Structures are given as C-alpha cells and as structure tokens.
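Visitor: Please take a close look at the salt bridges of this model. Where are they placed, and what surrounds the residues that form them?

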Amino acid sequence: MKATLHINTQNIISPIDDRIYSSFIEHMGRTVYTGIYEPTHKSADEDGFRQDVADLIRPLNVSHIRYPGGNFLSGYDWKDGIGPKKDRPVRPDMAWSALEPNQIGTDEFLSYCEKLQISPMLGVNLGTGTPKDAVELLEYCNSSLPTYWARKRIENGRKEPYNVKLWCLGNEMDGPWQICAKTAAEYSRIACETAKLMKMLDPNIELVACGSSFREMPTFRTWEETVLRECYPYIDYLSLHQYYQDMEGDVMSFLSRDEDMADFIDEVAAICDRIKKEKDSDKDIKLSFDEWNVWYHFQKSGKSPEKWIVGRPIEEEEFDFADTLLVGGMLNTLINHSDIVKIACLAQLVNCIAPIMTEESGRSWTQTIYWPFLYTSKYGRGTALKIKADVPSYTCKVRKEASYLSSSAVLSEDGNTLSLFLINKNPQEEMELHLPGNKGKILSFVTIAGHSFDTVNTADSQPVVPREVTDKCLDDLKIPAASWNMIRIHLS
Ligand code: AHR
C-alpha cells in the first residue's frame, strides 16, 4: 500500500493548546484509593501517595487533571473532604455503589497536582449541589478575602489561594444515570446562575458547560443549542464525551472510530458557530473533550464486584493492541481539530479505564494505550499542520469509506522539527509513505507494531511497548502493517 502526504509548514490548522493532553481522576473504583493513594504501600510518600504510580504519571506530561468526577461529582459534598481526616464522614457513593471515606479531598488533590506540576480542572456538583455550594468551593480554593471559606482553607493548613483556573459546571447532566439529572432547560438555568455567581467572585476563571453525554444521546443537538443559548455570556467551553467500543468484534469498524470522533467535533463546532451568529456575538465558545477513550472490555466481561466497599474494583479495563491504534487515532483527531478543541481529558488516569494500573499493596504497570498518549503528549506540542493525504481506504460496517491511515503533523515551537503521528490500520500490508517537498533528517522513528489486535499488557508481562526503528531514511519510508508510529524530522 502507498500513501502520499502533502505537508506544508505554512499550511496551519492552529497552535495546539497544551490542555488537550489532560486526563481525569474520579472518585471511582480504585482510581483514588489503592490507585494514586495508598498510605500503607511501600512506595507511599508522607501524604500517602504512591510514588510508583506518580513515576508512571510524570512521563505522560499531563497538562490538567479533571477531578473529582464524573458521575461521582453529582452526589459529592466537597465539605465532607476538608479538615482533619479523622473527622471526615464515610458516605455512600450512589454513582458507583461504593463507600467514600473522604480521606482524599480538595486540599489533598490540589497539593498532589502541585507536587506533580499538573494543573487542576475542578468540577462543581450541579446534581445534589447548589450554586451556593459551588461558589463556596471557589471561595475555599481561590479567595484571599477575609471570609469564612477562605479562612477555613487557611485553618486547614493552606495559606495561599490555589488559584484554580478551570472549572466544570457539573457532569453529564442529561444522562438518566446521573444523580439529579436535568432537562436541558433545568441544567441551563442552574449552570447559568452558578457561572454568574462564580465569575462575580473570581472573574479570572474559565468555565466548561456540559454538552451531551455522548453523540448518540437522543437529546444531542437540542441540548447543546439550549445550553449555548442560555449560558453563552457566562461560559467559555462546551464539553463533549465519547467512549468507543467493539462489542461485535469488527475491528476494522472499531479502528475507524477516530473519524467518527472528527465528525462529532465538527458537528458540535457547527452548532457553536450557529448560536454565535444567532446571538450576533463576538465571542467564540471552544470545545472541551473532557472524557474520551475506549471503554467496553470490562463491561463485556460481565464482572460485577462486591458493592459498598472502599475502592470497589470496577471498570478495570484491560486494553489491547487494537486500542493502542484507536487511542493514537483519537489523539490525531484532537490535534487535527486544535483550532476548536482546546481541552481534552483521557478518561481516566489510574485503574478505571486507564493507561496505568496498580495492584493493592503491589505492582503498577502500563497498559497498551499508555504509549501513544506519552509520545503524542511529549512531542505533539507546537502548531498543528494540515495534511493533504492521498491514502487508500476501506469499507466497513460503520463507514462506506474509512481511511487506512490516521495522521497528524506538528511543527515544533522553534519551527525546526516536524513530528508525524501515523497509524497504519491495515493488518495485512505495510504502508509506503511519500512526503513530497519535505526534506530533512529523521531524528527519531518510534513504532509500536508486530502484535495481534488482542494482545494485552498485564502486571506480569508488557509486550506492547514502543521500539526505535534504526534503518530510517526519508526517501524510503515504510510503516508496518497494523502499527502506531511517530516520525520526527529535523527540517532543512
Ligand atoms: O469516566 C467514567 C464515567 O463515564 C464518568 O464518571 C462519567 O462522566 C461517564 O459516563
């Protein structure tokens, strides 16, 4: 198979917002308890955070971490999670049928972020919560006024405000599964009033309003329109969420889902454009794709762990090699939409649907999706370039014409290095690449290839890892059948 990629460094999509390389930590399953936090673990630091896990998080260069949920958010009272740990209540977490001991709360999470040099993206509860709870949380985190909640923060040991800039107005409020789910009109009212109140206290924050929970929701589109019409002056971003699945075992359809993600983004962007025109506004609402991943393996397994325990081991997705390719493809889609998508969170970071796994009191390891995220996050920074691609395509159950190649091109900030992220979805044939007009020296060529689609990484063995290609030359470029690749070129 042959593909020609026309790339011109003057043909720009947009500077890439670093926040598209964000992730998500929810009080869900073993993400927090026995995931990032396990005071009795041999690697735990003085605050109880596992350093073996922190050491796996750091190389991912995560920009922001969204917290504390997710569905959990809609039943969470942030006031349960502050002050002396011994006085904090244990609560039933209705979202995930688990016990929440509140040993990690706002202060612990924000300090953890500071240690990791990652920025927080906090959610306010618009399920059981009120605008007052939300603005009080903002006061607790960001205020230096001599007021009750700001003083509480100081009493609890934190003098300086945390200055959390990015906030989510609830989570998936259209979903019938959501605690205190809302109609579009109900959500718009509370989101709008909460946003107003929060920006009155701290005009420097940025707010993300909930879009639909996923593209196939029956209310998708009318939900977006209603929220935008009502909240336009007060919000900065609209959220998108999407997880892809291969329930039918049709891997070529599954691998085409990065194109579905692109269509989804285009559709929401068009709605934003339309409402902007309708309002005759100068302001652009950008997109926050704040939950995205592959998610179905655990559901397919039919496992239902014991309920009402702390750290209920749910949704411990075991990703395979096909997921490496699709996650790489979804990252390409985000880069190729960097003009409109300014924030994106891989959901989640540890144990639940995550690139990093842990055993309680034991080992930690990296899943197959860890690697495309690591490399794209590390080298996919700078300016996204348009690629005019002449690439073979295939037909599958979900698309008449799906491309065998997923690609993105990023020019480094100094303009000297071109990084290409390329996925050959064809399981049978390698792909010969032609890059007319691009001259330079290959700095590195990293590939993940040579596995059957169902290969997984486990605690005992991690076969799906990247390797450096040594015999590399721009005039004779080939990427293997079924492969994820990064090629970095020093331009001359
Ligand atoms: O990320 C797991 C869950 O998926 C989140 O809690 C929810 O927002 C979504 O449905």
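**Salt bridges, near and far in the chain**

Guide: Lys115 and Asp47 form a salt bridge (a side-chain nitrogen of Lys or Arg within 4 Å of a carboxyl oxygen of Asp or Glu), with their closest N and O atoms 2.6 Å apart. This pair joins distant parts of the chain, 68 residues apart: Lys115 lies in helix H2 (residues 106–116), and Asp47 in the loop between strand S2 (22–24) and helix H1 (51–57). Helices (H or I, at least four residues) and strands (E, at least two) are DSSP runs, numbered from the N terminus. The model is predicted, so local features need pLDDT of at least 70, side-chain atom pairs pLDDT 80 or more, while totals for chains, interfaces and linings use all residues. Residues are numbered from 1 along each chain as its sequence is written, and side-chain values use heavy atoms, without hydrogens and water.

Lys115 has a relative accessible area of 38% and is partly exposed (buried is under 20%, exposed over 50%, partly exposed in between; 1.4 Å probe, protein chains only). Asp47, at 36%, is also partly exposed.

A second pair is Arg58 with Asp55, whose side chains meet at 2.8 Å, N to O. Arg58 is partly exposed at 40% relative accessibility, and Asp55 is partly exposed at 46%.

In a third pair, the side chains of Glu155 and Lys152 meet at 3.2 Å, N to O. These two residues are 3 apart in helix H4 (residues 148–155), and therefore separated by about one helical turn. Glu155 is exposed, at 59% relative accessible area, whereas Lys152 is partly exposed, at 23%.

Salt bridges also link Arg215, Arg221, Arg257, Asp260 and Glu267 in a network. The whole structure holds 38 salt bridges.
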